[in-house]
Amino acid sequence: MRNNNASYFRRGLRVGIPISLGYMAVAFALGISCKSAGMNALQSGFMSAGMLASAGEYAAVTLIGSCAGALEMITTTIIVNLRYLLMGSALSQKIGPDTPLVHRFLLSYCITDEIFGVCSSVEGNLVPSYAYGCTLISAIGWVAGTVGGVLAGSILPAWLVNALSVALYGMFLAVIIPAARKDRFIAGVVLLSMLSSYLFSAMPVLNRISDGFRIILLTLLIAGAAALIRPIDPDTGKPCVKADKERSSS
């Protein structure tokens, strides 16, 4: 049994190498943002080790830089990372029914977009040691990239640091644009989110709302409205628009 687990662990390490390299590049830009927010290498590395989530960490760093309160940081991070709850629910169906409870808890740390995709594609039941190997090498790249970005932010000129910080916006665009091009509804939601965020920052009363609660409000309102207007079928993962039309016509 030990040899079998070791074999799966090594396979996970090999599969996780490309993920680790990609994480390192993105985390480098995140580390520069951490430096700009006043965080040191130890604080930034500890944060990245505890939360393998680029969007969640970027939101947290933004709030730290704006001197937001702890309640705002915790609530915003939970909402931004809420998709991992759905991934965890899906991955719980992938592991064997006899998997010990301790492994179920440990696997919750292994859930990121990329690692979830790799683990979901495994044939048969997911062996926890496979996810551990993939997560270990990926986490090393993520933490190393973050710490490297903080250290580089102390050495590189200010203009170059500001230029590299734009890489995070490029990362978000790389996530949003493909989905928006495939689905006009998603494109509309993205544009509505941008417009709403601008209005919140420009209008006299709304601009008094802090960045943290602004993210919370917009996420709940826009994402909630989108879910009501165009729900997703849990079995197919596709919108239920056609089914709703059929029900209304009948």
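## Starting at Thr-112

Where is the place of Thr-112? Thr-112 sits in the loop between α6 (101–107) and α7 (113–120). Keep in mind as you read that this is a predicted model.

Being in a loop doesn't put this residue out in the open: Thr-112 has a relative accessible area of 1%, so it counts as buried. Setting aside its neighbours within four places in sequence, you'll find Thr-112 in contact with Tyr-23, Leu-52, Tyr-84 and Met-87. With one of these, Tyr-23, there is also a polar contact, side chain to side chain, at 2.7 Å.

## Following Tyr-23 to Trp-142

Tyr-23 is worth a second look. The structure holds 1 aromatic pair, and Tyr-23 forms it with Trp-142 in an edge-to-face arrangement, 5.6 Å centre to centre and with 70° between the planes. The pair links distant parts of the chain: Tyr-23 belongs to helix α1 (residues 2–36) and Trp-142 to helix α8 (residues 128–155), with the two residues 119 apart.

How buried or exposed are these two rings' residues? Tyr-23 has a relative accessible area of 11%, under the 20% cut-off, so it is buried. Trp-142 is buried as well, at 3%. To put the pieces together, the side chain of Tyr-23 has a polar contact with Thr-112, and Tyr-23 is also the partner of Trp-142 in the aromatic pair.

## The overall chain

Now for the bigger picture. What does the secondary structure come to? The protein chain has 12 helices and 0 strands, so to speak a run of α after α when you read along the sequence.

Of the 250 residues in the chain, 34% count as buried. Take the contacts between residues at least 6 apart in sequence, and 73% of them join residues at least 24 apart. The accessible surface comes to about 14900 Å², and carbon and sulfur atoms account for 68% of that.

## The salt bridge

How many salt bridges does a search of the whole structure find? The count is 1, and it is made by the side chains of Asp-183 and Arg-230, at 2.6 Å from N to O. This pair, too, links distant parts of the chain: Asp-183 is in the loop between α9 (158–182) and α10 (184–202), while Arg-230 is in the loop between α11 (211–229) and α12 (241–249), and the two are 47 residues apart. As for why such a pair can form, side chains of opposite charge can pair when their charged atoms come close.

Is Asp-183 buried or exposed? Its relative accessible area is 17%, and buried means under 20%, so Asp-183 counts as buried. The side chain has another partner besides Arg-230: one of its polar atoms lies 2.8 Å from the backbone nitrogen of Phe-185. The link to Arg-230 shows up as a polar contact too, again at 2.6 Å between the side chains.

## A nonpolar patch outside

Finally, a stop at the surface. Which residues form a nonpolar patch there? They are Ile-74, Ile-78, Leu-82 and Leu-85, and together they have about 400 Å² of accessible area. One of them, Ile-78, has its place in helix α4 (residues 70–80).

Technical notes: Residues are numbered from 1 along each chain as its sequence is written. This is a predicted model: local features need pLDDT of at least 70, side-chain atom pairs count only at pLDDT 80 or more; totals for chains, interfaces and linings use all residues. Side-chain values use heavy atoms; hydrogens and water are left out. Helices (H or I, at least four residues) and strands (E, at least two) are DSSP runs, numbered from the N terminus. Buried means under 20% relative accessible area, exposed over 50%, partly exposed in between (1.4 Å probe, protein chains only). A polar contact is a pair of N or O atoms within 3.5 Å; within protein, one must be able to donate a hydrogen and the other to accept it, and residues adjacent in sequence count only if both atoms are side-chain atoms. Contact means heavy atoms within 4.5 Å. Accessible areas come from the Shrake-Rupley method with a 1.4 Å probe; for residues, only the protein chains shown count as cover. A salt bridge is a side-chain nitrogen of Lys or Arg within 4 Å of a carboxyl oxygen of Asp or Glu. Rings of Phe, Tyr and Trp (its six-membered ring) pair if their centres lie within 6.5 Å; planes under 30 degrees apart count as stacked, over 60 as edge-to-face and the rest as tilted. Patches are made of residues with over 30% relative accessible area and no salt bridge: like charges are joined within 9 Å, nonpolar side chains (Val, Leu, Ile, Met, Phe, Trp, Tyr) within 5 Å.
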